[in-house]
Amino acid sequence: MPINEAIDAYRILAEDVFGTGTRAWLGQTSLLFNGPQYSAKMLAEAVRSIAGDRKLADTEAKPKCRVTAVSIKERAVHMLPDLLRTYTTDVPPYGCTIVDAALAISASMTFFPPAEIQIRHGRRVRYLDGGMGFNNSTSLAVQEAEDIRGPDRRIGRIVSVGTGITPYVRFEGNKGALAKKLLDICQAVHMGMDRRFGGMSKRMYCRFNPPNDLARFGLSEWEEFGEVGNLVHQYPQEDQVEMRECVVALTQP
């Protein structure tokens with residue numbers, strides 16, 4: 001699906017799923033959830049209307065673009081995440097559908113409930129969004145590339161895209177402490193990547209994270225996509241040098 005079509009599809013999906021908050025899920029809550037705001041059933045139906053019931057990994061087709069959804073098991077939040085891949089590796093695919101993967105990576109904080117999905121060998125696992133511990137997955141992507149290509153194959157370029165920096169944030173209560181911890185993890189990964197790749201003669205690592213108030217837009221504010229677009233489009237104009245260097249690095253290897 002081309003990028004413009006994907007954006008249009010997400011607009012429709014967002015209106016259907018986030019247009020009205022709902023607490024339709026009445027199951028047990030975990031330590032991180034005080035009752036989700038949105039219906040996982042509505043999300044599943046919206047994604048299914050676009051993707052059908054196709055499997056996430058196509059084991060027969062040669063991948064054109066490798067994509068990985070990062071999720072963590074609800075009962076193992078301190079362990080390494082599961083990588084729900086659209087491609088095959090030496091590790092057998094999890095066998096989940098695109099809808100399953102969407103539910104797993106959306107089970108974040110109070111938005112959606114933990115996603116119970118069936119993976120290989122008929123096992124059922126309850127997943128949370130990988131962003132709960134791996135909200136900057138750049139290091140995972142680098143490790144995955146090295147596993148696929150081998151340790152002797154040099155990585156060409158790394159482009160990491162964030163969702164915006166809020167200059168002044170007050171962290172209060174348990175959720176505030178969790179949010180601060182996640183931001184600290186994100187920044188630590190960025191600094192680690194910059195130390196490893198940023199000092200090379202050719203620019204191998206680029207990190208783009210708009211320093212504006214994107215955080216004020218909630219998931220339910222799908223009608224504000226135009227304003228979000230304005231803020232994001234403004235960012236390249238403010239940081240033209242780094243953006244231009246990244247484009248040159250990608251187009252002139």
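## A tour of the helices, from H2 outwards

Begin by selecting helix H2, whose twelve residues reach 16 Å from the first C-alpha to the last, close to the 16 Å expected at 1.5 Å a residue. Keep in mind throughout that what is on the screen is a predicted model.

With H2 still selected, show the side chains of Leu43, Ala44, Ala46, Val47 and Ala51, which are the buried residues of this helix. Looking along the helix, you should find that they cover an arc of only 165 degrees around the axis, which puts them on the same side of H2. The spacing can be understood from general helix geometry: an α-helix has 3.6 residues a turn, so residues three or four places apart point the same way. Now turn the view to the face of H2 that points away from its buried side, where the exposed residues Lys41 and Ser49 are carried. What do the buried residues of H2 pack against? Their partners are H1 and H3, and these two helices are the next stops.

**H2 against H3**

Add helix H3, residues 98-106, to the selection; H2 and H3 pack at an angle of about 140 degrees, and their axes are 9 Å apart. That angle makes H2 oblique to H3, since only angles over 145 degrees would count as roughly antiparallel. The crossing of the two helices is right-handed. To see the contact itself, display Ala40, Leu43, Ala44, Val47, Arg48 and Ala51 on the H2 side, which meet Ile98, Val99, Ala102, Leu103 and Ser106 on the H3 side. Leu43, Ala44, Val47 and Ala51, which take part in this contact, are also among the buried residues of H2.

**H1 and its cover**

Move next to helix H1, residues 3-18, where the 16 residues should span 22 Å at 1.5 Å a residue, and the end C-alpha atoms are 21 Å apart, in agreement with that expectation. Which residues of H1 are buried? Select Ala9, Leu13, Ala14, Val17 and Phe18 to see them. They cover an arc of only 140 degrees around the axis, and this places them on the same side of H1. On the face turned away from that buried side, H1 carries the exposed residues Asn4 and Ile12. If you then bring back the surroundings, what covers the buried residues of H1 includes helix H2 (40-51) and helix H7 (225-238).

**Two single residues**

Stay with H7 and pick Gln234, which lies in this helix and, at 41% relative accessibility, counts as partly exposed. From its C-alpha, draw a distance to the C-alpha of Pro210: the two residues are 24 apart along the chain, and these atoms are separated by 8.7 Å.

For the other residue, go to the loop between strand S3 (115-118) and strand S4 (124-129), and select His121. Its phi is positive, at about 65 degrees, although His121 is not a glycine; most residues other than glycine have a negative phi. Is His121 buried or exposed? With a relative accessibility of 75%, His121 counts as exposed.

**Stepping back**

Finally, show the whole protein chain, whose secondary structure comes to eight helices and six strands, following the pattern α-α-β-β-α-β-β-α-α-β-α-β-α-α when read along the sequence. Of its 253 residues, 36% count as buried. Among contacts between residues at least 6 apart in sequence, 67% join residues at least 24 apart.

Methods: Residues are numbered from 1 along each chain as its sequence is written. This is a predicted model: local features need pLDDT of at least 70, side-chain atom pairs count only at pLDDT 80 or more; totals for chains, interfaces and linings use all residues. Side-chain values use heavy atoms; hydrogens and water are left out. Helices (H or I, at least four residues) and strands (E, at least two) are DSSP runs, numbered from the N terminus. The expected span of a helix is 1.5 Å times one less than its number of residues. Buried means under 20% relative accessible area, exposed over 50%, partly exposed in between (1.4 Å probe, protein chains only). The arc is that of the directions from the helix axis to the C-beta atoms. Contact means heavy atoms within 4.5 Å. Axes are lines fitted to C-alpha atoms, for helices over the stretch in contact, and angles run from 0 to 180 degrees between N-to-C directions. Angles under 35 degrees count as roughly parallel, over 145 as roughly antiparallel, 65 to 115 as roughly perpendicular and the rest as oblique. A crossing is left-handed if the near helix is turned anticlockwise from the far one by less than a right angle, and right-handed if clockwise.
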